[in-house]
Amino acid sequence: MRTQRQVVDYSLKKRAVLRELLAGRVGTYDVCDASPYLKNAARFHGEPTEERCPICRSENLIHVHYIYGDELKQSAGQARTLAELPVLAMTLREFQVFVVEVCLGCDWNHLVEQFLLGRDGLAEGGSEQGAVGGVTATGAGPARERRREAQR
């Protein structure tokens, strides 16, 4: 998505949890604890993936996208389909998306990533604006651009 920024990937945390499970320091019931609400969100709003569940290896994982933001008001915390996110990103200034993977077979669930979406990510002229201090996709912030102009 064009306005996606401030992406946090939780794959290292997932590997650590799976390592703890395989070492026997954590039980299966500790990591396979998806709530009925999460499982329903996965059934009705989730996006199926080609990735197999790391626990039961019999079902494919489903990604559920939860949205949070001040502009959402009562809609905050709802699960949305992937197709709805670009429409919301053009409508709202900024909102946070949390992606959770769920296995409907064994109830495995884990936060996969989080990121920001919204119109605030669009810079003048249609180029992307980065996460911190107006840094553009090329890595040149306003201060760096002023230095370049001063050197000319």
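## Close-ups of a predicted model: salt bridges, a histidine and some cysteines

**View 1. The Arg80–Glu84 pair.** Glu84 is partly exposed, with a relative accessible area of 30%. Here buried means under 20% relative accessible area, exposed over 50%, and partly exposed in between, using a 1.4 Å probe and protein chains only. Its partner Arg80 is buried, at 15%. The two side chains meet in a salt bridge, 3.8 Å from N to O; a salt bridge is a side-chain nitrogen of Lys or Arg within 4 Å of a carboxyl oxygen of Asp or Glu. Side chains of opposite charge can pair when their charged atoms come close.

A word on ground rules: this is a predicted model, where local features need pLDDT of at least 70 and side-chain atom pairs count only at pLDDT 80 or more, while totals for chains, interfaces and linings use all residues. Residues are numbered from 1 along each chain as its sequence is written, and side-chain values use heavy atoms, with hydrogens and water left out.

**View 2. The whole protein, for orientation.** The protein has five helices and six strands, and from the N terminus on they run β-α-α-α-β-β-β-α-β-β-α. Both kinds of element are DSSP runs numbered from the N terminus: helices are H or I with at least four residues, strands are E with at least two. Of the 152 residues, 34% count as buried. The protein exposes about 9500 Å², and carbon and sulfur atoms supply 50% of that; the areas come from the Shrake-Rupley method with a 1.4 Å probe, and for residues only the protein chains shown count as cover. Take the contacts with a separation of 6 or more: 57% of them are between residues 24 or more positions apart. Contact means heavy atoms within 4.5 Å.

**View 3. Lys14 and its two glutamates.** Lys14, Glu51 and Glu101 are linked in a network of salt bridges; a search of the whole structure finds six such bridges. In the one between Lys14 and Glu51, the closest N and O atoms are 3.1 Å apart. Lys14 sits in helix α1 (residues 11–23) and Glu51 in strand β2 (residues 47–52), so this pair ties together parts that are 37 residues apart in sequence. Glu51 is partly exposed, at 36% relative accessibility, whereas Lys14 is buried, at 13%. The Glu101–Lys14 bridge comes in at 2.8 Å, N to O. This pair links distant parts of the chain, with Glu101 in strand β5 (residues 95–102) and Lys14 in helix α1, 87 residues apart. Both Glu101 and Lys14 are buried.

**View 4. Around His110.** His110 belongs to strand β6 (residues 109–117) and is buried, at 11% relative accessibility. Setting aside neighbours within four places in sequence, His110 is in contact with Tyr10, Lys13, Lys14, Val17, Val99, Val100 and Glu101. The C-alpha atoms of His110 and His63 are separated by 9.7 Å, with their positions 47 residues apart along the chain.

**View 5. Cysteines without disulfides.** The structure holds zero disulfides, a disulfide being a pair of cysteine sulfur atoms within 2.5 Å. Why is Cys53 not bonded to Cys106? The sulfur of Cys106 is the closest cysteine sulfur to that of Cys53, but at 3.5 Å it is too far for a bond. Cys56 is in no disulfide either; its nearest cysteine sulfur, in Cys103, is 3.6 Å away. Cys53 is buried, at 1% relative accessibility, while Cys56 is partly exposed, at 28%.
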